[in-house]
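Work through the exercises below with the sequence and the model open. Each task is followed by a solution in steps.

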Amino acid sequence: MKGSDRLRRLASYGFVVALVVVAVSCNEAHPNTTLVPHSDLGREIDFLWNRLLFLGTIVFILVEGILVYIVFRYRRRENQGTPPQTHGSTKLEIAWTLIPAVILVFIAVPTVRTIFITQAQAAPGSLNIEVTGHQWWWEFKYPEYGVTTANEIYLPVGRTVNFRLRSADVIHSFWTPQLGGKRDVVTNRTNYMWYTPDSSISSNVWNGFCVEYCGASHANMRFRVFTVSQQQFDSWVAGQKLPAKFGAVASAPSGGPIPPSPAAPGVATPAGAPPATTPPGARTATTPPGSSVGAAQSSGAAQSSVAAASTGAVQAGYIFPREKIPDYAVPHSPIPPDLKFTAGLTGNAARGKQIFSSSACIGCHSIAGNPAAMGVTGPNLTHVGSRSTIAAGRFPNAAAYLALWIKNARKMKPDVIMPTLGLDEYDPVLKAKVTAAGGGLTDQQIADIVAYLTALK
């Protein structure tokens, strides 16, 4: 009786644990779950997963039930002699060969069906996007529109998008959990993947990742997918096709003073301190208070898009409103505690353009409208001021974070190609301090470059 009570108690504990696991696993609030697909490709994979899980559960219950029955039915008893020994059974061998074969048929048919559907060519008229994986950032090209961007994708809902995937260096893997299954990105061939975002998910943000280990900063190789209406997408494309807005004005405004951010310039977070949180209704970390350069233009773009929608016209320059980006899509990466920046510096965008155009930056980055910037090694910065993150989704695109990134990118993201530019900063790759002769920039010069880059909308 005592053993039965213990067994009953353990069974009740196990049941409670199983319920908790099921509740946590199926919670639709998880932003990176694959169990709530929002595209046709995602639903096909979800169908296959559910079917195989169902069949596998049946097989598990039957096999384990038979096993438990045999263990108890034929367990050794007192005063029991040696049972009869049987060698070989043709009927039994045929049975345990045919039963798995039948089970495999039920598994193979839906699997092969899903493979043929997901590997088929995209429908005519699909939106083509060329995806190139770099260590450690993503390059996205819209060839039919002549648009190149980095680490952010805009997709119109209800329209099939066809991704052409290739790598510039090592093997990566492209994955947006709630939109579609992952696909490897390799150097010696082009892989393809397509899906159609549901029409019901307009004005949403989705996290994307590299899910194939590709080096020291593999975990820092992220991107964002913005699903928008067709009109908003057309407006975004029209804006991206234009040169950066900074080049269209005679003189650019000076950026506001670079403010201290949580665990950012000039403010070292004590060890063990809790991460900063954004109260409901407040601005996110991507729009720090005191910075008039980014938030105002982003808000203006959103308002102009609304005005365009009311008149039926396509007005260039839609940008997904930063205040509508959910917290799960806003990075909260810590800043190295020994990386400091002179707080309160005011940058001058016009002066920043001159410094940028005569520094090592132009060897890696291109900016439409700036003939000096023609590099292709790093991300295209033509409209970098309109993006929500920097460093492939590792940090918010705010002046405070951008200043630190320019000062010492290799401290903020291990082993990146971007060199350390801050004067007297220690470069962890070169294992030496940056000198003025080596192109080192003062905090004021970096503040000027930040003012220039944040003005590129």
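Contact here means heavy atoms within 4.5 Å. Helices (H or I, at least four residues) and strands (E, at least two) are DSSP runs, numbered from the N terminus. The model is predicted, so local features need pLDDT of at least 70 and side-chain atom pairs count only at pLDDT 80 or more, while totals for chains, interfaces and linings use all residues. Residues are numbered from 1 along each chain as its sequence is written, and side-chain values use heavy atoms, with hydrogens and water left out.

**Exercise 1. The open sheet**

Task: give the strand order of the open sheet of five strands and say which strands stand at its edges.

Solution.
- Step 1: two strands pair if DSSP finds at least two bridges between them.
- Step 2: the order is β3-β2-β1-β5-β8, with mixed pairing.
- Step 3: β3 (147–150) and β8 have a single partner strand each, so one side of each lacks a neighbour in the sheet.
- Step 4: from one strand to the next, the twist averages 25 degrees. Axes are lines fitted to C-alpha atoms (for helices over the stretch in contact), and angles between N-to-C directions run from 0 to 180 degrees.
- Step 5: β1 (residues 127–134) and β5 run parallel, joined by seven bridges; L127 has V161 of β5 as its bridge partner.
- Step 6: β5 (residues 161–167) and β8 run antiparallel, joined by five bridges; V161 has Y195 of β8 as its bridge partner.

**Exercise 2. Burial of β8 and α7**

Task: decide how far strand β8 and helix α7 are enclosed.

Solution.
- Step 1: a residue is buried under 20% relative accessible area, exposed over 50% and partly exposed in between (1.4 Å probe, protein chains only).
- Step 2: in β8 (residues 191–195), four of the five residues are buried, so the strand is largely enclosed by the rest of the structure.
- Step 3: in α7, nine of the nine residues are buried, so this helix is also largely enclosed.
- Step 4: the buried residues of α7 pack against β13 (389–390), β14 (395–396), α8 (409–412) and α9.

**Exercise 3. The largest nonpolar core**

Task: find the residues with the most contacts inside the largest nonpolar core, and the helix that gives the most to it.

Solution.
- Step 1: a nonpolar core is a set of buried Ala, Val, Leu, Ile, Met, Phe, Trp, Tyr and Cys residues joined through side-chain atoms within 4.5 Å.
- Step 2: the largest core has 77 residues, and I129, I153, Y154, F163, F174 and L453 have the most contacts inside it.
- Step 3: α7 (residues 399–407) gives the most, with eight residues.
- Step 4: leaving aside neighbours within four places in sequence, L453 is in contact with F356, L381, V384, G385, L402 and I406.

**Exercise 4. Two packed helices**

Task: classify the packing of α6 and α9.

Solution.
- Step 1: α6 (residues 349–357) and α9 (residues 443–454) pack at about 105 degrees, with their axes 7 Å apart.
- Step 2: angles under 35 degrees count as roughly parallel, over 145 as roughly antiparallel, 65 to 115 as roughly perpendicular and the rest as oblique.
- Step 3: α6 and α9 are therefore roughly perpendicular.
- Step 4: residues making the contact include I355 and F356 of α6, and I449 and L453 of α9.

**Exercise 5. The span of α3**

Task: compare the expected span of helix α3 with the distance between its end C-alpha atoms.

Solution.
- Step 1: the expected span is 1.5 Å times one less than the number of residues.
- Step 2: α3 (residues 90–119) has 30 residues and should span 44 Å; its end C-alpha atoms are 42 Å apart, which agrees.
- Step 3: the buried residues of α3 are P110, T114 and T118, and their cover includes α2 (40–73), β7 (180–185) and β8.
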